[in-house]
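Here are a few notes to read with the structure open beside you. Take the points one at a time and find each strand or helix as you go.

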Amino acid sequence: MFPSKTQKPLVEVRGLSVDMPLAGGKDGLRIVDNIDFSIAVGERVALVGESGSGKSVTARAVMRLDPVARLSGKIDFEGRDLLTLSEKEMRHYRGSSIAMVFQDPMSFLDPLMTIGDQVAETLRIRGIGRVEARKRALSVLDELGVDRAAERLGSYPHEFSGGMRQRVVLAMALVGEPKLLIADEPTTALDVRVQDQVLDLLDDVSTRRGLAVLFITHDLGVVAGFAERVMVMYSGRIVEDGDVHAVFKDPKHPYTRGLIRAVPRIDQDLEELYAIPGAPPAPMARPAGCPFNPRCSDAFDRCRAELPAVLPVTGERVACHLHDRKGA
Amino acid sequence: MLLTVDRINKSYSSFPNPPVQVLHDVSFSLAPGQALGLVGESGSGKSTIAKCLMALAAPESGSILYDGMDVSKARGAELLRFRREVQMVFQDPYGSLNPRMSVEELIGEGLLVHKLEPTAARRRERVAEIMRTVGLNPDDMVRFPRSFSGGQRQRIAIARALVIGPRILVCDEPVAALDVSVQAQVINLLRDMQRKLGLAIVFIAHDLAVVRHLCDSIVVLHKGRVVEAGPRADIFERPREAYTQALLAAVPVPDPEIGRARRERRHVLT
């Protein structure tokens, strides 16, 4: 279905770490710890994790959105390392090469600006004329299924429903024709029926435009229906990365396995839900060894002492000593 | 029936516009020890129903009968009994626990208010006992909410509600703010409590999959009206109403084969 997948990646992240400074000027807190991943042209990748796992920080790092965050490693985008660009050069990438949508459309939209002006703004900033920008804004809103888009260019965000607002936000992101869309929990605040529509829409747009999507979510149901590949994050690291069918069918990391089993399913009756004991560690209190070891029923001595490396396991990448018994 | 909600109507004023009616003739009932799920999207009236059930808002017409008393007319000792026997757990365990009270004070507050245990020593014993029941370590009672994770906070909130021996627990989206791996712990706990203590639960949620795991019977709400109500198997396996069917069909399933097949089908339709 996607023959272009074998090409070289659109984005290649190598050894990315993100440290957030702490009050008092001490060493920063490591939120994202030495992660590698890549995204091919047109590929839909889900980044899954629980709160505090570092998934949003990773996404924001690709856009360099947090001015105080200390980033290290490499983020290659079409052959240029985004981390070496000046802020001015970076601004050129945001919106036109990489765009982002967030969870809550209402806090993202300016309540005092019309929809038409907000969608056209990205283009206006790039020096595109008023008439042309408006024309393109209209065509994107049309593409995203906003009814009577021409009449609604003059409407304000409060006149739109939640699902329509999220379409407007998507239009703002897509009007600059980016190659990568980073979507941070874009459907979490929506009702299920609306979520379903927005996901269908994203699916269509991504296929039609050959748009790569990095979809950040905690909802494994959404991942299963949307993504081609899934990366699971735990405590600042990617612990499993593989084809979505393979990961759901045969998860290699005990955390992924637990997570999938813990999701209540609409199509099954179970006597007792599986629960992973404990809670994810705070970034300042990560255990020694594998960060998942205190919650893992398969943990052995090595897990408590040594951080597992991310290794290839039957077409996937997994960070778990269980799959590296001979190892070290 | 332990609780009977009979054709309640409720509107909110939105001056200068005409009042908005948010509940239209809503009726359902709850038997002792039963777990009832109220499901619906935002704007369906679920939280307004919770407010009415807790006697925090009075319906304009219709009645809520609890164990023979009319809840909106109850006063004095009768209202106090109602307040003790019907307890609530809220969605956000970060906002619902006073950060300046220790766990012991938080959980023991109900015992104090309802004068159930006269001495501090006995109160402490009761707090320790309920903490063990909900899976918390009684040694932690001197600590404050900030040192607990979301799931543990929700256990504190549940302990706080259960310590005075209620007969009904009204839970408004109690796991919506929790991570997946922790959500299952809280759902299992509520289920254990229902069975062990013979507790009736009104479980309000937008997540139908969660409701399926906890509730014996389901009420589906849409725009303030009951669309469909029935036992779990009927609602999930044989939904009659188009709205219920659409709602169920939109719930994502954590299985790529099913998700893909569903999307393909929709593409054919559109």
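1. Start with strand E7(A), where both faces are covered: A:Leu180, A:Ile182 and A:Asp184 on one side, and A:Leu181 and A:Ala183 on the other, are all buried. Buried means that 20 or more other C-beta atoms, placed from the backbone, lie within 10 Å of a residue's own; 12 or fewer makes it exposed, and in between it is partly exposed. Side chains in a regular strand alternate between the two faces of the sheet. Strands (E, at least two residues) and helices (H or I, at least four) are DSSP runs numbered from the N terminus.

2. A word on the source: this is a predicted model, in which local features need pLDDT of at least 70 and side-chain atom pairs count only at pLDDT 80 or more, while totals for chains, interfaces and linings use all residues. Residues are numbered from 1 along each chain as its sequence is written, and chains are lettered from A and ligands numbered from 1 in the order in which they are written.

3. Which strands pair with E7(A)? Strand E6 (residues 98–101) of chain A does so in the parallel sense over 4 bridges, with A:Ile98 partnered by A:Leu180. Strand E8 (residues 212–217) of chain A is also parallel to E7(A), over 5 bridges. Pairing requires at least two DSSP bridges between two strands.

4. Now look at chain B: 31 of its residues are in contact with 35 residues of chain A, contact being C-beta atoms, placed from the backbone, within 7 Å. H6(B) gives the most to this side of chain B, with 7 residues.

Methods. Two residues are in contact if their C-beta atoms, placed from the backbone, lie within 7 Å.
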